[in-house]
Each structure stands twice: as structure tokens, then as C-alpha cells.
Amino acid sequence: MPSMSVVKALQDLEDPAAHQQDKPAAYQKLLDQIINSNDDPLSLSDNFKVFIDSVLSDNLGIVAARPLLGAAVESIKTIPDLNTKIHAGTTALGSLESRVVSFEEQDAQLREMLADAYTLQEEYIEAAKVLQGIQLESSQRRVPDDHKVAVWIRICRLYLEEDDTMMAESYLNRAKNLRHKVTNPELTLGFQLSEARILDARRKFLEASQAYHSFSFSAILDEGERMRALSSAIICAVLAGAGPQRSRALAKLYKDERSPQVVEYGILEKVFLDRLISQDEVSRFSESLAPHQLAQTADGSTVLAKAVVEHNLLSVSKLYNNIGVTELANLLGLDATRAEGYAARMLEQDRIMGSIDQIDGMILFEGVEPSSERGGLSRRKDLAGTELRKWDSRVQGVAEEVERVASMIQLQHPVSEVVLLNRISTKPCIDHRVRTHGTLIGFSAFVLINVEECCQHRNHRDDAPIH
């Protein structure tokens, strides 16, 4: 209940006989008395409510009421107790609700004050909801673009504190439309950090790592903030799926001269150098991860466990030309079925190159480094070209062997050129020749095919001279 002295003073001010010109000063004096009183928190909130209700009544005009409402908001900000401040601000918002169109500026100030109080109490969702009520697109007042972006980024970050990425992203998208108009560098940094955190929360770790790394170079931030951003970049890079894109991100982080100063440098070095990661190292690394980075995936494993398995599989592909499925499962700490499933998925996505021989239970790795700059179709064309070149080389080898054998046969069993030409002229398939890398093997192949007949022809005519 409001105090009787406040109620009595307001009744005197609302009296039609009171002088209109003296009312603003009298209201200001009463407001000072309310804020300086020793009333209990509940009475203090009620005193503010009846005061604001009286200011919004018809006994004062809008021009006189606006500064008084602004002063009331500033007085509520000075209340030391957070619960009392929130209660007083909430009741004041309720009184303003019906006439918010005429008092948008005061409504916005009150909501920002309430958001500050809720944030101090770590009630981030309530703070975000209060800020959502601010009228940023209005014909009654002009709101600068920087202020709009500041409110939207603040709402975005409040939702991120509660891991509500859907709502956070919706307000970040609003800020994105005005990003090119922002002149405050701190707002640009806030946007970059919010974008990185959303990518991180959505488990787009590679993009999040790049965003955190870019953020860590900002000269506006202090050294501690930059190093925390670098640590986040390393963590996201380690959690990203193994492949050529992650390898490039790891190389960039590994070459950063600041990286040895962070705790995560040890695992960064192992991942970058394609060394196998042990379970003890994974356990130590997991202590620095956020809850969403330890969430379970669809197959029941955590994000970290999946990233480590894929990394170890990539390391194995560079250590061995081939490996049995059972041996691979032992190295990865999985059963054979899951190990083969991981290998098949990474082969299908072109993150490692090779094939699986399910009959022999072997995984064969190609010595070709996968590249993400070209698509999977281009890589398959390259592999097809490689196989064709191998086949071509084998054919050339066979042709050369045929030539060598034909020469040896001619040395052992000399046959006159006239006899050979006569024999060739009787064969209908003499034009079936194979040309490989400029080697004509038609004649040599014919010699192999007909050498026996030529030898027999000579044996039957031993008495005849050979020309």
C-alpha cells in the first residue's frame, strides 16, 4: 500500500483549484520525498505507481508529464535493492502500457533499466523480453541506426546466454541488415562475437573458429579478451570435422605466434601434426568445453568424441597404406562396425581417399591428398585419369615386352622378309594394330601369333633356300 502522505499530496495536486504552473515543481518535490523516504520496498514500489498514475492523468499535459516521467525513471534507477527496482519498474511499465505511444522515450528508458536489473540477477530471458518491447520503428521519435543495432545485438547476446540460438539468430539478422550503416566499432565487434557464438552453438565449428580468430585480432579489445577469443578459435577448430578445410584452419592457428600462450596449444599441435590423440588428452581437453560442445549427437557419441575419432582416422590414413577393420577399431576405441561406418562416411564425403574391401576386411588408403577447392566430381575425374594413366603404362609395358620377345624369336628362328610378307598378306586382320605412346605393336603381335606357323613353314622346306 502507498503511504498516506504520498496519497494526500497527490490528491492536492490533482485538485482543479491548484495552480497549473506550480504543478510540475510540486510533482518533482514529491518525487524527491518518495525516493528519500525510509518506506519498506513494497510501499516504495506502490508510491512510484500512484505517482506515475497521477502524472499520466489528465490534470497534466503531455509536455509537462514527459520530463516528470523521465525523472521518475531516473529515481527508480537509484534504488539499491534489485528486487525493489524490478518491482517498481514493472509496475511503472504497467501504468505506461495504455499510453506508450505518447511516452515512447520514457518507456524505452524504463525497459533498458529493467533489462540491466534482470541481467544482474542472471534472468537473461526476462531481460530480453523486456527489451523486445522497445519501439524502435516509430513515427513519434527518430531512433538512430546505431541504437537499433545496439538493442538487437544486446537481445541476441541475452538469448545466447540461455543457448536459445533460434531467437538470437533472428535478432542478429535484423542487425545484419543495418550493419553497413553502423559507425560505432564496438557494435561491429559485438556483432562479430554474436555471430561467432551462434555458429559455435549451432555446431558449425569451422566457421565459428574463423570468426573467433578474426575477432581475436581486434585492437579495441584488451589482451585478455583477445586471448580468450583465440582459445575459442582453437577449441572450435579441434571440434570441427576432419578434412582439408579444417587442416587449413589449424595451420593458420598453429602459425599464430600467440598460440603457444594458451592452454589449448598442446592439443592444437597434435591435431595439426596429425598425431593420434589419447583418451587421457581428450578428458583433459573436455574440461575447458562449454555444455553445448559436449552434447550428444544422433549416434549417441559426443561432439568431442566424434571429432577425435575422425581426426584419429585421418591420422591413420596418413600413417598406413592399408589397415584391417579390426585393427582400426582397436586404434579408435570402437567396435568394428562403427569404425567401418566412420571410414565409409569420410570416404563418401571425400575427406579421406581410398576404398573399403569388405570381403577381406581391409581399408585401403590412397596416397592422394583430398582438396576442397574442387568438388567431388573433379576429384573422381582426377582419380579416373590416374587409373587410365596406370592402365596406359601397363599396356606400354606389355607392348615393349612383346617387341622384345619378337626380336628374340627372330634371332633364334630367322625368317626371310619375303616369307613373312607373304604370310601377312594372307591374313585378313593385319590392320588390327595397337598404338600406345607411339609404339606400334601390330607387327610384333602378328609375329607372336604367326611365329609357330612360320617356323613350321620353314621346317617343311628345309631343303629350300631362304632368300
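This report walks through some salt bridges, backbone oddities, a pocket and a set of paired strands in a predicted model.

Residues are numbered from 1 along each chain as its sequence is written, and side-chain values use heavy atoms, with hydrogens and water left out. Since the model is predicted, local features need pLDDT of at least 70 and side-chain atom pairs count only at pLDDT 80 or more, while totals for chains, interfaces and linings use all residues.

**Salt bridges**

Take a salt bridge to be a side-chain nitrogen of Lys or Arg within 4 Å of a carboxyl oxygen of Asp or Glu. On that rule the count is 14. Here are three of them, with helices (H or I, at least four residues) and strands (E, at least two) taken as DSSP runs and numbered from the N terminus.

| Acid | Base | N to O distance |
|---|---|---|
| glutamate 161 | arginine 197 | 3.5 Å |
| aspartate 274 | lysine 318 | 2.9 Å |
| glutamate 310 | arginine 351 | 3.0 Å |

In the salt bridge between glutamate 161 and arginine 197, the glutamate sits in helix H8 (residues 145-161) and the arginine in helix H10 (residues 185-201), so the contact ties together parts that are 36 residues apart in sequence. For exposure, read buried as under 20% relative accessible area, exposed as over 50% and partly exposed as in between (1.4 Å probe, protein chains only). Glutamate 161 is partly exposed at 39%, and arginine 197 is partly exposed at 22%.

Lysine 318 and aspartate 274 meet at 2.9 Å. Lysine 318 belongs to helix H16 (residues 303-319) and aspartate 274 to the loop between helix H14 (265-272) and helix H15 (279-286), so this pair links parts 44 residues apart in sequence. Lysine 318 is partly exposed at 41%, and so is aspartate 274 at 21%.

The salt bridge of glutamate 310 with arginine 351 runs from H16 to the loop between helix H18 (336-348) and strand E2 (354-357), so it ties together parts 41 residues apart in sequence. Both of these residues are buried.

**Positive phi**

Most residues other than glycine have a negative phi. Aspartate 274 goes the other way, with phi near 60°. Arginine 203 also has a positive phi, near 65°; this residue is in the loop between H10 and helix H11 (205-215) and is partly exposed at 36%.

**Strands**

Two strands pair if DSSP finds at least two bridges between them. E1 (residues 322-324) and E3 pair antiparallel over three bridges, with isoleucine 323 opposite isoleucine 363 in E3. E2 and E3 also run antiparallel, joined by four bridges, and glycine 354 stands opposite phenylalanine 365 in E3. E2 and E3 make a hairpin with four residues between them, and glycine 361 in the turn has a positive phi of about 65°.

In a regular strand the side chains alternate between the two faces of the sheet. Along E3 (residues 362-365), Ile363 and Phe365 point to one face and are buried, whereas Met362 and Leu364 point to the other and are not.

**A pocket lining**

Arginine 197 turns up again in the second largest pocket: among the 16 lining residues, Arg197, Asp200, Tyr212, Ala290 and His292 lie nearest the centre. A pocket here is an open set of points on a 1 Å grid over the protein atoms alone, where a 1.4 Å probe fits, with protein on both sides within 12 Å along at least five of seven lines; lining residues have an atom within 4 Å of a point. Helix H12 (223-239) and H10 each supply at least two lining residues, and H12 gives the largest share, five residues.
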